[in-house]
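Here's a structure to get to know, one piece at a time. Keep the sequence and the 3D view side by side as you read.

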Amino acid sequence: MARAGLTTERLVQAGAELADEVGFDQVTVSALARRFNVKVASLYSHLRNSQDLKTRIALLALEEMADRAAEALAGRSGKDALTAFANVCRDYARAHPGRYTAARHPLDDETAAGSAGVRIAQLNRAILRGYDLAEPDQTHAVRLLGSVFHGYVSLETAGGFAHSAPGSEESWARILDALDSLLRNWPARP
């Protein structure tokens, strides 16, 4: 029997908050049970196991990111769209470090295909349409943007840019300028 007041949605939200506080790797059904001061068994009517919990947190994070990206991109194109999308990724990682990690959690093919990750990829490709990139260059560019955004955010949140000048904000702006220039002048295929 499910404990009164506990729902799958409430548990997933609490799991996402826990991920932001202690790190996504530390999120387990046991840790969540401690948060609610209940026995682990009382959560099993809502969650199969810790892997199920992590998958649900990943899906929540992807949904939140997709919603924010769609809102940020509305009415924008070119560099404005690129900057808006990049800032959504960076701002989300700063505000929700555990969820940001969760958004990269491996999903099985069926779960991934039904996730908001598909919307994020579509939004990324919408940005690239403004740069007139065709396949396979569009896929290469999607991978480049993801690598730059994730790499920068990962290094920045780990404190990698905290001890040198110029400041991280200035570098971020220059990197976005450089990406815009690269996308406008994408190299021809050999």
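Let's start with a single residue: Arg 56 lies in helix H3. (Helices here are DSSP runs of H or I with at least four residues, strands are runs of E with at least two, and both are numbered from the N terminus.) Arg 56 has a relative accessibility of 30%, so it counts as partly exposed. On that scale, buried means under 20% relative accessible area, exposed means over 50%, and partly exposed is in between, using a 1.4 Å probe and protein chains only. Which residues does Arg 56 touch, if those up to four places away in sequence are not counted? They are Thr 8, Val 12, His 46 and Leu 47, where contact means heavy atoms within 4.5 Å. Ala 16 sits 40 residues from Arg 56 along the chain, and their C-alpha atoms are separated by 9.1 Å.

Before going on, a word about where this comes from. This is a predicted model, in which local features need pLDDT of at least 70 and side-chain atom pairs count only at pLDDT 80 or more, while totals for chains, interfaces and linings use all residues. Residues are numbered from 1 along each chain as its sequence is written, and side-chain values use heavy atoms, with hydrogens and water left out.

Now zoom out. The chain has nine helices and zero strands, and reading along the sequence gives the pattern α-α-α-α-α-α-α-α-α. Along its principal axes, the C-alpha trace spans about 60 × 40 × 30 Å. The chain has 190 residues, and 42% of them count as buried. Take the contacts between residues at least 6 apart in sequence: 69% of these join residues at least 24 apart.

Next, go to the start of the chain. How do the axes of helix H1 (residues 8-22) and helix H2 (residues 29-36) cross? They come within 10 Å and cross at roughly 100°. The axes are lines fitted to C-alpha atoms, for helices over the stretch in contact, and the angles run from 0 to 180 degrees between N-to-C directions. That crossing makes H1 roughly perpendicular to H2, a label for angles of 65 to 115 degrees; under 35 counts as roughly parallel, over 145 as roughly antiparallel, and the rest as oblique. On the H1 side, the contact is made by Arg 10, Leu 11, Ala 14, Gly 15, Glu 17, Leu 18 and Glu 21, and H2 brings Ala 31, Leu 32, Arg 35 and Phe 36. These residues of the H1 and H2 contact divide into six nonpolar, one polar and four charged. (Ala, Val, Leu, Ile, Met, Phe, Trp, Tyr, Cys and Pro count as nonpolar, Asp, Glu, Lys and Arg as charged, and the others, Gly among them, as polar.)

Glu 9 is also found in helix H1. With a relative accessible area of 61%, Glu 9 is exposed. Ala 58 is 49 residues from Glu 9 in sequence and 13 Å from it in space, C-alpha to C-alpha.

Further along comes helix H7 (residues 117-129). Its 13 residues reach 19 Å from the first C-alpha to the last, close to the 18 Å expected at 1.5 Å a residue; that expected span is 1.5 Å times one less than the number of residues. Which residues of H7 are buried? They are Ile 120, Leu 123, Asn 124, Ile 127 and Leu 128. They cover an arc of only 145° around the axis, which puts them on the same side of H7; the arc is that of the directions from the helix axis to the C-beta atoms. An α-helix has 3.6 residues a turn, so residues three or four places apart point the same way. The buried residues of H7 pack against helix H3 (50-73), helix H4 (78-95), helix H8 (137-157) and helix H9 (168-184).

Look at Asn 124 in H7. Its relative accessible area is 7%, so Asn 124 is buried. Leaving aside neighbours within four places in sequence, Asn 124 is in contact with Phe 85, Val 142 and Leu 145.

Finally, the loops. Most residues other than glycine have a negative phi, and most peptide bonds are trans. Asn 37, in the loop between H2 and H3, has a positive phi near 55°. Asp 132, in the loop between H7 and H8, has a positive phi of about 60°. Pro 136 is found in the loop between H7 and H8, and the peptide bond leading to it from Glu 135 is cis, with omega near 0°.
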